[in-house]
Amino acid sequence: MSDSDARRYIVRTYGCQMNEHDSERISGLLEADGLVRADAEADADVVVLNTCCIRENADNKLYGNLGHLKTWKAKKDGRQIVVSGCLAQKDQDDVARRAGHVDVVMGTHNVHRAAELLDEATRAEAPITEILEAAVIDDHAMFPSALPVRREHSYNAWVTIQIGCDNNCAFCIVPAVRGAEISRPFADVVAEAEQLAAAGVTEVTLLGQNVNSYGRDLQLAARRAGDESAKLRPLFSDLLRDVGAVDGIRRVRFTSPHPKDMRPDTFAAMAETPAVCEHLHYPLQSGSDRVLALMHRGYSAERYLERLSQAREAIDDLAVSTDIIVGFPGETDDDFADTLDVAAAAEFDSAYTFIFSPRPGTEAAGMEADFVDPQVAGERFQRLRVVVERSALRKHEARLGRIEEVLVEGPSKRDPGVVTGRTRQNKLVHFTPPRPLRTGSYATVRVTRAAPHYLAGDFVEIVSEPTHKLRIPVAAG
Ligand code: SF4
């Protein structure tokens, strides 16, 4: 069958990197089943909505999109709609009930079944809802990267090291929709990095909800099986060192660590492994101990700052980004003042700041009596932004005149003549090269301008050209 006869699919992704990587798996599975990617919904036979329930009004947006897709589906015979991801996991049968024209509803634990479920729905000529409550104990089923993948960028790749989360942050739905923490076997992670490097990938991002606790479950399982030598579990730091040692991998990143599990051995591995980038995403969430306790975060502001200074001592030229929630239920003016103080003391390079909004199904959503007035939360948000932007600008100004190595991401969104790259510290740098540079090239740039959210500079030279193919199919197994 030629590509022109093949059925076409499109995947719309909402939410986090874990979801984006799941979308790559879904795409890989559909392509392994003979489907071809469509550029637009109008050309597609299958639309997959890979949903997220973290964002505000996620439900309304999903059902709004599904309303629009009902018209799309009616325009051509054989069109199918798949709803996957966290919102599907949470809402389960509700999706089929509220949108009967959806063909397949699947949860976060059965992404590996995407192609099969679509085939089953076609054969049965009826909608299917399949939500598994927990991950299937089968490596291919569990770990996104162990399935065929259609990589969205071919010079960099996400590598899943862990799924689920054992914590219970009061604002977060992840433990409910992604289940308990399960670590991927160490050798499999390294083998995938090797495979990727052989295909020309030079940057990998290790992905997990709480990467520092990587291996805890592997150790427990080995001990239960009577292996006493398993008391030294493979640590996240070991993984950083081994992935960093893979020939061809020039940059290793990771997301997200949890401050309560951050350990000096991770800082040492970052400092001693040249490929591991000097960037730490270190989610603060609040600077008030009282609010941190309400959130069940498991650390105090003092502990957070202490570990941050250990990290900075250990790792030269470390950039630090964070997440902060403003207006968590019960947050008082004093609590917020603590957050401002900690944010100022931490001197972040950048921060993702959010105004709290309740996510159905989370503990915090039930704390209505303590919700902060939206206007107050909005004012606090602006004040926090000023503090974060002040330190971000200071950090960026300190880089003026330096020559930075950037990994080219492509033309800038605003001006196609300008190229955007990313430094090891994860800073965006805009510059104008004398000739077009391929995405995935490494170049050096002299920094000439600093703004709170980016740098700009003059092209110096190309360091290396990319070797990746345009698309990297990763075979299962
Ligand atoms: S650590 Fe907390 S915020 Fe992160 S995924 Fe787990 S429960 Fe959610």
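Select Ala58 to begin: Ala58 is buried, because 22 other C-beta atoms lie within 10 Å, and a count of 20 or more is what makes a residue buried. The model on screen is a predicted one.

**Around Ala58**

Extend the selection to residues 58–74, which form helix α2, the element that holds Ala58. Next, show the residues that Ala58 touches, leaving out those up to four places away in sequence: they are Thr51, Cys52, Cys53 and Leu87. For a longer reach, draw a distance between the C-alpha atoms of Ala58 and Glu125. These two residues are 67 residues apart along the chain, and the distance should read 29 Å.

**The whole chain**

Zoom out and colour the protein chain by secondary structure: there are 15 helices and 21 strands. The C-alpha trace spans about 60 × 60 × 55 Å along its principal axes. The radius of gyration is 23 Å, which agrees with a compact globule, because a globule of 477 residues would have a value near 23 Å. Colour by burial next: buried residues account for 45% of the 477 residues in the chain. Contacts can be viewed in a similar way. Of those between residues at least 6 apart in sequence, 73% join residues at least 24 apart.

**A three-stranded sheet**

Now select strands β13, β14 and β15. They make an open sheet in the order β13-β14-β15, with parallel pairing. At the edges are β13 (279–281) and β15 (350–355), each of which pairs on one side only. Ignoring direction, neighbouring strands in this sheet are turned by 10 degrees against each other on average.

Look at the pairing of β13 with β14 (residues 319–326), which is parallel and runs over three bridges. Where in β14 is the residue opposite Leu280? Pick Val320, which stands opposite Leu280.

Add residues 374–397 to the view. This is helix α15, which lies across β14 and β15. Against β15, helix α15 runs at about 180 degrees.

**The ligand**

Finish at the ligand. Which residues are around the ligand? Select Cys165, Asn167, Asn168, Cys169, Cys172, Val174, Pro175, Gln209, Asn210 and His258. Colour this shell by class, and five nonpolar and five polar residues appear, with no charged residues.

Key
Residues numbered from 1 in each chain as written. Predicted model: local features only at pLDDT ≥ 70, side-chain atom pairs only at ≥ 80, totals over all residues. Helix = DSSP H or I, 4+ residues; strand = E, 2+ residues; numbered from the N terminus. Buried ≥ 20, exposed ≤ 12 C-beta atoms within 10 Å, placed from the backbone. Contact = placed C-beta atoms within 7 Å. Near = placed C-beta within 6 Å. Nonpolar A, V, L, I, M, F, W, Y, C, P; charged D, E, K, R; others polar. Rg over C-alpha atoms; globule rule 2.2 N^0.38 Å. Pairing = 2+ DSSP bridges. Axes fitted to C-alpha atoms, helices over the stretch in contact; angles between N-to-C directions.
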